[in-house]
Each structure stands twice: as C-alpha cells, then as structure tokens.
Amino acid sequence: MSSEKPVLVEVRNLKKYFPVGTGFGFGSRGAAVKAVDGVSFDVHKGETLGLLGESGCGKTTAGRAILQLYRPTSGEVIFAGKDLAKLGRKELRTLRRRIQMVFQDPYSSLNPRASVHEIVSEPMRIHKLCPNAEISERVSDLLNKVGLNPRYANRFPHEFSGGQRQRIAIARALALDPDFIVCDEPISALDVSIQAQIINLLEDLQDEFNLTYLFISHDLSMVRHMSHRVGVMYLGKIVELTDRNQLYGNPLHPYTKALLSAIPVHDPEIEAGRNRIILEGDVPSPANPPRGCNFNTRCPAAKPRCFEEEPELRMVSSNTWCACHYV
C-alpha cells in the first residue's frame with residue numbers, strides 16, 4: 001500500500017466482534033456479529049482515505065475501533081509507533097490529543113446543556129493545552145476557522161442549524177491540534193445545499209493544518225471528490241483498495257463495479273446506454289457470513305472456488321489491492 005508520503009496510521013488485521021445470544025433460546029452461546037473482520041490498510045500523512053460501502057458493512061465500527069472507542073477484538077492499530085489496542089487508559093489518553101472524530105449526527109454528538117464555548121474549550125481544559133486565560137481567545141479563533149461568528153460562543157446547540165452544529169463539532173475536533181481525524185459520514189445528516197460547504201471546509205482545514213482524514217461515507221460522489229485513495233468494504237472486510245482515479249475509472253472487484261454502476265450520469269443518452277448491475281438477494285448476516293468469499297451469494301461472476309476458499313486482499317497492480325480470485 002505504497003505512497004510517497006509517510007504512513008501515519010497502520011491498521012493490521014483489525015477485528016471487532018460483538019457477542020450475541022444468551023443460550024436461552026435467543027441464539028447460540030459464543031455466537032458473534034463480525035462487524036469488522038480482518039481489515040488492513042495504511043493511512044498516509046496529509047491524505048484522505050475514503051471508506052466506502054453499503055449501510056451495515058462495518059465502516060463506522062472500523063473507524064471507532066481505530067480510535068479505540070470500541071476496543072478491538074484483535075488486530076493492531078499503529079499510531080506514532082504504538083499499538084493503540086494495547087495501550088492502557090492513561091497512555092491512550094495522552095495520544096487522544098492527536099486523534100479525533102467528527103460524528104455523523106451533529107446534534108446528538110453535542111451536549112445540549114453546554115454552550116458552544118464550553119463544548120469547544122472542554123478538550124483544552126481536560127488536556128491542559130493552554131492557560132485558562134488564553135482559552136477564550138483560542139475558542140474564538142477556532143470558530144472563525146470553521147466559519148462561525150465568535151459572538152455565538154455563548155449560545156447552545158439547539159439555536160443552530162444542522163450545518164452550523166457540524167461546524168461546531170469540527171471546531172471541537174480541531175481544539176487539540178490533531179494529526180488524524182475520523183470523519184464518520186459528516187454530511188449525511190445535512191441538507192444537500194449545506195453538504196458542499198462542509199466538504200469545502202474540511203478540505204481547506206486539511207490544507208491549512210496538514211490534517212489526515214479517514215472519510216467514512218456511503219455517498220459515492222462525495223468520496224470521489226474528497227478522497228485520495230478509497231477502500232471499499234463489504235460485510236466487514238475490505239474488498240478493494242486503490243487510488244481514486246483507478247477505482248472510479250477501472251473498478252476490479254464485482255461488488256465495486258455494482259456500486260459504481262449506480263452513480264447517475266447527467267447525460268441522458270449515456271445514462272440510457274449504461275449497463276446497470278443489479279445485485280440480487282440480501283446482504284448476509286454478519287453473525288453468519290457465507291463460507292468462502294463473503295460476496296459469493298450476490299456475485300454475478302461467482303464460481304465454485306468462491307464458495308470454498310476465501311480470497312485474500314492482494315496486490316494486483318501498482319497501488320491496487322483486491323480480494324477476488326478472478327481479478
């Protein structure tokens with residue numbers, strides 16, 4: 001997974017299983033939902049890695065497991081030379097200054113009883129980032145950076161629109177001068193007219209502060225616009241990982257091809273002549289994934305080997321990784 005830029009975050013065989021069942025008629029004891037099942041990738045400094053896939057494929061769980069909001073079942077998350085999954089609470093708290101998250105719903109992620117000033121300044125107070133006398137000035141500067149009037153600092157979240165609340169959440173994420181931010185579908189809860197503004201803001205902040213993003217979304221067009229490289233997830237696994245132009249110009253995995261065929265084209269004549277790939281059947285349960293390739297129950301090109309042997313995520317060309325036997 002090469003790049004000219006140094007690697008900031010290394011994810012190796014990350015797994016997050018959620019136990020289910022009690023043994024009293026509600027499921028088998030020891031059963032588990034395999035939300036993230038052996039995910040591996042690198043995130044390079046200063047880049048945006050997009051994580052794409054259907055709802056329920058494990059994107060958000062992967063992002064939270066990387067930040068240790070969910071403790072991984074197994075695997076490694078290497079940041080600043082340390083495996084976050086093995087750190088104690090005190091060591092992890094020190095590194096949390098450098099890794100932050102912007103959540104999907106800007107209203108539920110903000111304390112409704114706290115003012116904007118309290119929300120943005122809380123991380124600085126907890127980590128003792130600067131003297132108390134300088135906090136108000138820093139809060140004002142952060143609000144300016146995200147396009148909000150500093151005079152709004154004494155207002156509460158319910159007094160803002162959805163786009164403004166997400167700007168507050170971004171200001172809070174920036175409060176500790178992080179290196180790495182996980183953006184978990186940061187625009188999906190916003191009006192379409194506001195989405196482009198938030199995306200442009202994230203790009204401007206990335207250029208100004210040399211930020212590194214993991215951009216999680218199911219919006220194919222936004223991932224293409226925002227990301228330098230893209231990983232496609234299906235049923236807890238990454239099935240394709242490559243740079244943006246390669247993925248959207250020449251997808252290799254059958255699932256990626258089906259996803260991208262759903263993107264509408266503005267020219268009616270071209271749209272009428274496109275071959276839309278319709279996947280039949282439902283996504284299997286992550287508590288009972290199929291044997292072999294996870295995609296074999298819906299893949300239009302599945303062969304006997306796909307039902308027996310699980311394909312590994314392997315390099316198939318320069319900077320392109322794919323988990324398919326027949327690429």
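In sorting the residues around a pocket, Ala, Val, Leu, Ile, Met, Phe, Trp, Tyr, Cys and Pro count as nonpolar, Asp, Glu, Lys and Arg as charged, and the others, Gly among them, as polar. With these classes in hand, the lining of the largest pocket in this predicted model comes to 9 nonpolar, 2 polar and 4 charged residues. The pocket holds about 450 Å³ of space. Of its 15 lining residues, Arg96, Ile99, Gln100, Pro123 and Arg172 are the closest to its centre. Strand β6 and helices α3 and α5 are the elements that each give two or more residues to the lining, and they offer a handy route into the rest of the fold.

Strand β6 (99–102) belongs to an open sheet of 8 strands with mixed pairing, in the order β6-β7-β8-β3-β9-β10-β12-β11. Both β6 and β11 (314–317) are edge strands, each pairing on one side only. On average, neighbouring strands of this sheet are turned by 25 degrees against each other, direction ignored. The partner of β6 is β7, which runs parallel to β6 and is joined to it by 4 bridges. Ile99, one of the residues closest to the pocket centre, has Phe180 in β7 as its bridge partner.

On its other side, β7 (residues 180–184) pairs with β8 (residues 212–217), again in the parallel sense, over 5 bridges. Along this pairing, Cys183 stands opposite Phe215 and Asp184 opposite Ile216. Strand β7 is largely enclosed by the rest of the structure, because 5 of its 5 residues are buried. Phe180, Val182 and Asp184 point one way from the strand, while Ile181 and Cys183 point the other way. Two helices pack here. Helix α5 lies across β6 and β7, running at about 175 degrees to β6. Helix α6 (residues 192–209) touches β3 (48–52), β7 and β8, and its direction makes about 160 degrees with that of β8.

Helix α3 (residues 116–126), another contributor to the pocket lining, has Val116, His117, Ile119, Val120, Ser121, Pro123 and Met124 as its buried residues. These buried residues pack against α4 (132–145) and α5 (162–174). Pro123 thus appears in two roles, because it is buried in α3 under the cut-off of 20% relative accessible area and is also among the residues closest to the pocket centre. Just after α3, Lys128 takes a positive phi of about 50 degrees.

A further open sheet has 4 strands in the order β2-β1-β4-β5, with antiparallel pairing. Its edge strands are β2 (32–44) and β5 (82–83), each of which pairs on one side only. Strand β4 (residues 74–79) is joined to β5 by 2 bridges, and Phe79 stands opposite Lys82 in this antiparallel pair.

Helix α1 (residues 59–66) lies across β1 (7–19), β2 and β4, and runs at about 115 degrees to β1. Thr61 is found in this helix. Is Thr61 buried or exposed? Its relative accessible area is 13%, and a residue counts as buried under 20%, so Thr61 is buried. Leaving aside neighbours within four places in sequence, Thr61 is in contact with Lys16, Phe18, Ala35, Val36 and Tyr70.

Terms used:
Residues are numbered from 1 along each chain as its sequence is written. This is a predicted model: local features need pLDDT of at least 70, side-chain atom pairs count only at pLDDT 80 or more; totals for chains, interfaces and linings use all residues. Side-chain values use heavy atoms; hydrogens and water are left out. Buried means under 20% relative accessible area, exposed over 50%, partly exposed in between (1.4 Å probe, protein chains only). Contact means heavy atoms within 4.5 Å. Two strands pair if DSSP finds at least two bridges between them. Axes are lines fitted to C-alpha atoms, for helices over the stretch in contact, and angles run from 0 to 180 degrees between N-to-C directions. On a 1 Å grid over the protein atoms alone, a cavity is a set of points where a 1.4 Å probe fits but cannot get out, and a pocket is an open set with protein on both sides within 12 Å along at least five of seven lines; lining residues have an atom within 4 Å of a point. Grid points are joined across faces, edges and corners, and a volume is the space filled by probe spheres set on the points.
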